[in-house]
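Let's take a walk through this structure together. Keep the picture open while you read, and follow along at your own pace.

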Amino acid sequence: MHPMVKPALRRGWRDLNTVQFGMTPAHAMTLGPMDTATGSFLDLLNGTRGLPLLREEGHRMDLPEGHVDQLVKGLAHAGLLDDAQGGGPAADALRAKKDVLDRLRPDLASLSLTTCEPGAAMGRLAARRELRVQVRGAGRVGAVLAALLSGAGVGEIDVRDGGHTEPWDVAPGGLPAEAVGERRDEAARRAVRRAAPDRPPRRTSGTAREESDPGFSLVILTPRDDVAVHAPDPSAAADLIASGTPHLYAGVVEGTGTVGPLVLPGESACAGCLHHARTDRDPTWPRLVAQWRSGKQPRVRPCDLALATTVAGLAATHALAFLDGQSPSSAGARWEVSLPGLHWHARPVWAHSACPCGAAEKGEEGHTSTDEDRHATMAEDRPSRDVRRKADSARPAGTWRAHV
């Protein structure tokens, strides 16, 4: 282990004996009491020395016997320490690609804030390279989202859509203006390749690939049809439910952007659950949806560029959190934001007993619209709270969450 105080956390002294790591309420922690010699020793925890050499440095600084090991252990338990050589073989392979790693260093620093174990951030970043994600829909939301995931280090992004690129599909970071008239999915795949910091890993072809194909870690449905965004058709994800493939919905309808729900088949609510819950609240819902789907469709649907980009960014963040092993708040909820007020809020989507997806059977009982009305909004993003509780429960005496 080559200990390193997480460089993503700014450091400052609250007084002569108390040091604060981090600035924001979600990540700031304080450590104390700390003497001057120990405070100076923190500068040596920069990832260039192993523990034996650090013990020698501590001895030269007249630190008590065992003090270095105790400090390193305490910082690690508090989630303040990283391992400059940790993460396993996949992480070592990524370190060997300096140009690729340099592209991903901001993402690595961010991951270090949401992981506690030294070396875990590098391990997660390296693991992204082996993941496969499919994006169904290459409009203003889908194409940008696919490029974001690629740029964040996800190894393989498969984009599916039909038709040809229209002028109104063009968006910064997504489909470029020169792609107008080209196949929409091919243009989106080129955008994905341009955004990638590295070439995706090669896979076998033909029968060998089909037999060893691990499937997709996540499928993201980003339809260009606004009705499909507002009222997702359960049949569109029937294959995903049957195969147990996690999937996430995202899109823009009229002046509202939506992200979620993230569906974990058999565990969390799906599009069918959403449809049944809406029907419980409003018996005319199926009639309205049928009219919207069969009525005359406008050639160009409203899709504010900045709103679409915002939705793509939030959806990519939720997707990455899930791919990195977290549980984002879109699992069982739809995050929505509407123009012009732009107030994000979450609408819970409960597993419904009438839906054949089986998620309601996982819990004690299916929730009804009455439950949903009582929980119309969610105040916080749950994953950050979960990570905080985990860090708090592991930290040793002398460290505490900073109130900033």
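A good place to start is Pro 33, which you'll find in the loop between strand S4 (29-31) and helix H1 (36-41). Look at the peptide bond that joins Gly 32 and Pro 33: it is cis, with an omega of about 0 degrees. That deserves a second glance, because most peptide bonds are trans. Bear in mind as you look that this is a predicted model.

Now step back for the overall view. The protein is built with 17 helices and 13 strands. It has 404 residues, and 46% of them count as buried. What about contacts along the chain? Taking those with a separation of 6 or more, 66% are between residues 24 or more positions apart. As for the outside, the accessible surface comes to about 20,000 Å², and carbon and sulfur atoms account for 53% of that.

Back to the strands, and to S8 (residues 218-221) in particular. Which way do its side chains point? Leu 218 and Ile 220 go one way, Val 219 and Leu 221 go the other way, and all of these are buried. S8 has partners too. Strand S6 (residues 132-136) runs parallel to S8, and four bridges join them. If you'd like a spot to check, find Gln 134, whose bridge partner in S8 is Val 219. S8 also pairs with S9, again in the parallel sense, over three bridges. Here you can look for Leu 221, which has Tyr 249 as its bridge partner in S9.

While you're around S6 and S8, have a look at Arg 132. The charged end of this residue sits over the ring of Phe 216, at 4.5 Å from the ring's centre.

From S9 (residues 247-253) we can carry on to S10. These two strands pair in the antiparallel sense, with six bridges. Gly 251, for instance, stands opposite Thr 258 in S10. Together S9 and S10 form a hairpin with two residues between them, and Glu 254 in the turn has a positive phi of about 55 degrees.

How many of the eight residues of strand S10 (residues 256-263) are buried? Eight of the eight are, so the strand is largely enclosed by the rest of the structure. S10 has a further neighbour in strand S11 (residues 333-338): the two run antiparallel and are joined by four bridges. Gly 257 is a handy marker here, as its bridge partner in S11 is Val 337. S10 also holds Pro 261, and with that residue comes another cis peptide bond. This one joins Gly 260 and Pro 261, with an omega of about 5 degrees.

Glu 254 isn't alone in its backbone angle, so let's visit a couple of loops. Most residues other than glycine have a negative phi, which makes positive values worth a stop. Asp 62 has a positive phi, near 65 degrees. You'll find Asp 62 in the loop between helix H2 (51-60) and helix H3 (67-77), and it counts as exposed because its relative accessibility is 68%. Leu 342 also has a positive phi, near 60 degrees. Its place is in the loop between S11 and strand S12 (345-348). With a relative accessibility of 47%, Leu 342 counts as partly exposed.

Next, the aromatic rings. The count of aromatic pairs comes to one. The pair is Trp 285 and Trp 292, whose ring centres are 5.6 Å apart and whose planes meet at 80 degrees, so it is edge-to-face. Are these two residues buried or exposed? Trp 285 is buried, with a relative accessible area of 8%, while Trp 292 is partly exposed at 33%.

Last stop: the cysteines. How many disulfides does the structure hold? The answer is zero. To see why, go to Cys 355, where the closest cysteine sulfur is the one in Cys 270; the sulfurs are 3.5 Å apart, which is too far for a bond. A disulfide would need the sulfur atoms to be within 2.5 Å. Cys 355 itself is buried, with a relative accessible area of 10%.

Technical notes. Residues numbered from 1 in each chain as written. Predicted model: local features only at pLDDT ≥ 70, side-chain atom pairs only at ≥ 80, totals over all residues. Heavy atoms only, no water. Buried < 20%, exposed > 50% of the residue type's maximum accessible area, 1.4 Å probe, protein only. Contact = heavy atoms within 4.5 Å. Areas by Shrake-Rupley, 256 points an atom, 1.4 Å probe, with all protein chains shown as cover. Pairing = 2+ DSSP bridges. Phe/Tyr/Trp six-rings, centres within 6.5 Å; stacked < 30°, edge-to-face > 60°. Lys NZ or Arg CZ within 6 Å of the ring centre and 35° of its normal.
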